[in-house]
Amino acid sequence: MKHRPSLNRRALLAATGLALPALRVSAQTLPWRPERPVTIIVPWAAGGSTDQMARVTAAELEEAFGQRFVIVNQPGASGSIGTRNAMQAAPDGYTWAAGAAVDVGCYRVLGLLDTALADWSLFLTVANINTIAVNPRAGFADFGALLAALQARRDVAVGTAGVSSAGRNMMEAVRAAAPAVNYRHATYDGGNPAVLAAVAGEVPAVSALLVEMAEMIRGRRLVPLAVQAESPVTLQGFGEIPSIRRWLPNVPTPLNYFGIWAPKTVPAPVLQAMGMVWESRIKNSQRLKDYADQRAALFTPLHGQAAFDAAWVMVRQTAWLYHDAGLGRVSPDTVGIQRL
């Protein structure tokens, strides 16, 4: 079964306006135009999913606004350091953050950063899929074999991009769905370093985003065992990767939305201009469509309330996953995050 748009995905694409004629907006008609380069802080190492997405998005924004959008990598503390720097920058529209919306929504629960999803104006581009892969020499034929090892040995090292990363979230979902699962968590400063560690044999397994390991899978340097998706996913140049639900039917599979965002304290004309660019250019971006297709991601150009509503689903699921696993420092319900 190939990874085709479901009815829900078709509805999402229609809701985002992809089926409508493109709006024509020039830089001269925008309510705000940057007079100097704009910074997009990527709070993870270069080469990972956020870095990849942000660079493709920046190219579109440069053409739309007629100004440079500069990517600055500031990894550390599961993305909270770079995000904090974006929070503390002058609220003038010249500093944005990038990443997974679920991270911004869960930093307060983890005690990493005093912020909430509602504090940010979200501009989303793609939804990524969590994947578990192994080094070809690790000896795991499929996810069932890895799962058995996680239950029996309890010392299998799994690399991830950090405490609040998508890969860690996937491993905690596995632990919540299967009895006696444990693993040795090996953290890195981003998805790309974690993937490279598995390729080198530093760790036998890696749990990260499919976009971060796509090239290594195509090159047969990693073996993908399962995706955290409702159905199998087909990766161009490789083939089908089975759904984790073949082994664990109760594992949740929310969409993991990525994009850029700025604090809601930035001037309204900045956010209005970005919204106009999202409608006129980003929703029709062939670059972003190709990026998503090549890496088995979903093209989801959302902004405003639609972006918040979409991201909020995974924030609620993940915040309580942290709480139930004893990883959170703050109970989600005390910061306005109710259990699904």
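# Meeting the chain: a short briefing

G239 lies in strand β11, which covers residues 239–241. It is one small stop in a predicted model, and the chain around it holds 11 helices and 13 strands. The radius of gyration is 19 Å, close to the 20 Å that the globule rule gives for 340 residues, so the chain is as compact as a globular protein of that length. Welcome; the points below go from the whole chain to single residues.

**The chain as a whole**

- Along its principal axes, the C-alpha trace spans about 60 × 40 × 35 Å.
- Of the 340 residues in the chain, 56% are buried.
- Among contacts with a separation of 6 or more, 75% are between residues 24 or more positions apart.
- The accessible surface of the chain comes to about 13,600 Å², and carbon and sulfur atoms account for 51% of that surface.
- The chain carries 31 positive and 24 negative charges, and the mean positions of these two sets are 4 Å apart.

**Back to G239**

- Leaving aside neighbours within four places in sequence, G239 is in contact with V233 and T234.
- If you look for R68, you will find its C-alpha 37 Å from that of G239, and the two residues are 171 residues apart in sequence.

**Helix α10 and its buried side**

- Helix α10 runs over residues 286–294, and L288, Y291 and A292 are buried in it.
- These three residues cover an arc of only 95 degrees around the axis, which puts them on the same side of α10.
- As background, an α-helix has 3.6 residues a turn, so residues three or four places apart point the same way.
- The buried residues of α10 pack against two helices, α2 (49–65) and α8 (210–218), and against two strands, β4 (120–128) and β13 (298–299).

**F65 in helix α2**

- F65 belongs to helix α2, one of the elements that the buried residues of α10 pack against.
- With a relative accessible area of 1%, F65 is buried, because the cut-off for that label is under 20%.
- F65 and A273 are 208 residues apart along the chain, while their C-alpha atoms are separated by 9.1 Å.

**Two loop residues with positive phi**

- Most residues other than glycine have a negative phi, and most peptide bonds are trans.
- S78 has a positive phi, near 55 degrees, and is a residue other than glycine.
- You can find S78 in the loop between strand β2 (69–73) and helix α3 (80–88), where S78 is buried with a relative accessible area of 11%.
- A296 also has a positive phi, with a value near 60 degrees.
- The loop that holds A296 connects α10 and β13, and A296 is buried at a relative accessible area of 4%.

**Q317 in helix α11**

- Q317 is found in helix α11, which spans residues 305–324.
- Is Q317 buried or exposed? Its relative accessibility is 16%, and buried means under 20%, so Q317 counts as buried.
- Not counting residues up to four places away in sequence, Q317 touches P252, P254 and L340.

Technical notes. Residues are numbered from 1 along each chain as its sequence is written. This is a predicted model: local features need pLDDT of at least 70, side-chain atom pairs count only at pLDDT 80 or more; totals for chains, interfaces and linings use all residues. Side-chain values use heavy atoms; hydrogens and water are left out. Helices (H or I, at least four residues) and strands (E, at least two) are DSSP runs, numbered from the N terminus. The radius of gyration is taken over C-alpha atoms; the globule rule is 2.2 Å times the number of residues to the power 0.38. Buried means under 20% relative accessible area, exposed over 50%, partly exposed in between (1.4 Å probe, protein chains only). Contact means heavy atoms within 4.5 Å. Accessible areas come from the Shrake-Rupley method with a 1.4 Å probe; for residues, only the protein chains shown count as cover. Lys and Arg count as positive and Asp and Glu as negative; His and the chain ends are not counted. The place of a charge is taken as NZ of Lys, CZ of Arg, CG of Asp or CD of Glu. The arc is that of the directions from the helix axis to the C-beta atoms.
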